[in-house]
Amino acid sequence: MIYFMYRNEFDNHLKQNKKFNAYMFFGQSTFLVEYYASKILALHGSKEDVEKLYFDDYDFKYAKDKLLQSSLFSDNNILLIKLDKKRPKKEIMELIEACNTNSNSTVIFSCLGDSEFKTMGTYFSDKTNSVSIRMFSPANHEAVKILENEARTLGINYEVSALNHLFFMHKNDLSLCMNDLKKLAVLD
C-alpha cells in the first residue's frame with residue numbers, strides 16, 4: 001500500500017508516538033518541510049546523532065553505507081538528506097531498506113520544491129515502515145496555531161492577537177515569525 005499522507009494525518013501519528021524508519025517531507029511549504037524534518041530529528045535523537053547531506057553533497061553510496069553501519073558514538077544513526085531534485089527509485093528504495101536492516105538508522109528526506117517529488121513519494125509505504133508527507137501552505141489559522149505551539153514550547157507568555165499581528169506583520173512568512181519568537185525567548 002502506498003503511504004502518502006497529509007500533515008494533519010501525520011500529526012495524529014506523532015501524537016501516538018508512531019515512528020517510521022524513513023520519512024519524506026515535500027510540498028508547497030518550504031517552511032513546513034524544514035519544520036517537520038527538524039521535529040523528526042529531535043524525536044529520533046540528539047544533534048550528535050544527525051548527519052546532514054545537502055543537495056550536491058548527497059552521495060548515494062556514502063548514504064547507504066552510513067545507514068547500514070551502526071554509529072560508534074551514539075545509539076541512533078540519523079541521516080537528513082536535503083534534495084532539490086528527484087532521485088532514482090532504486091536509490092531511495094535501497095536507503096529505506098538500509099534503515100529496515102539496521103534498526104538504529106533513520107533517514108529523513110527534506111525535499112524542497114513541489115514539482116518532481118510527488119512520484120518519489122510513492123516509494124514510501126507502510127510495508128517498509130516509511131512515510132511521505134505532503135506539505136501545503138497552511139491556512140492563516142493553522143499558521144497561528146503553529147506559532148502558538150512554538151511560543152508554548154519556548155515558554156513565552158503570549159496572546160493570540162499578538163501572534164496574529166506578528167504573522168500578518170511578516171506577510172504570512174512563518175520562518176520570520178519563528179525567528180522573532182526565538183529572539184523573544186532569549187530576552188525572557
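How many bridges join strand 3 to strand 4, and do the two run parallel or antiparallel? Select residues 50-54 for strand 3 and residues 77-83 for strand 4 in this predicted model: you will find five bridges between them, and the strands run parallel. For a landmark on this pairing, click on Tyr54, which stands opposite Lys82 of strand 4.

Stay with strand 4 and show its side chains. Asn77, Leu79, Ile81 and Leu83 point one way, while Ile78, Leu80 and Lys82 point the other way. Is strand 4 largely enclosed or open? Seven of its seven residues are buried, meaning under 20% relative accessible area, so the rest of the structure largely encloses this strand.

Next, add residues 105-111, which form strand 5. Seven bridges link strand 5 to strand 4, and this pair is parallel too. Here Leu83 is the residue to pick, with Cys111 of strand 5 opposite. To follow the chain between these two strands, trace it from strand 4 through helix 4, residues 89-101, to strand 5: this β-α-β crossover is right-handed.

Now move along to helix 7, residues 160-169, and highlight Leu163, Leu166 and Phe167, which are buried. Why do these three lie on the same side of helix 7? They cover an arc of only 95° around the axis, which puts them on one and the same side. The general rule helps here: an α-helix has 3.6 residues a turn, so residues three or four places apart point the same way.

To see what covers the buried residues of helix 7, show its neighbours, including helix 6 (140-154) and helix 8 (174-187). Finish at Lys171, which follows helix 7 and has a positive phi, near 55°.

Definitions and conventions
Residues numbered from 1 in each chain as written. Predicted model: local features only at pLDDT ≥ 70, side-chain atom pairs only at ≥ 80, totals over all residues. Heavy atoms only, no water. Buried < 20%, exposed > 50% of the residue type's maximum accessible area, 1.4 Å probe, protein only. Helix = DSSP H or I, 4+ residues; strand = E, 2+ residues; numbered from the N terminus. Pairing = 2+ DSSP bridges. Right-handed = clockwise from strand over helix to strand, strands pointing away. Arc of directions from axis to C-beta. Contact = heavy atoms within 4.5 Å.
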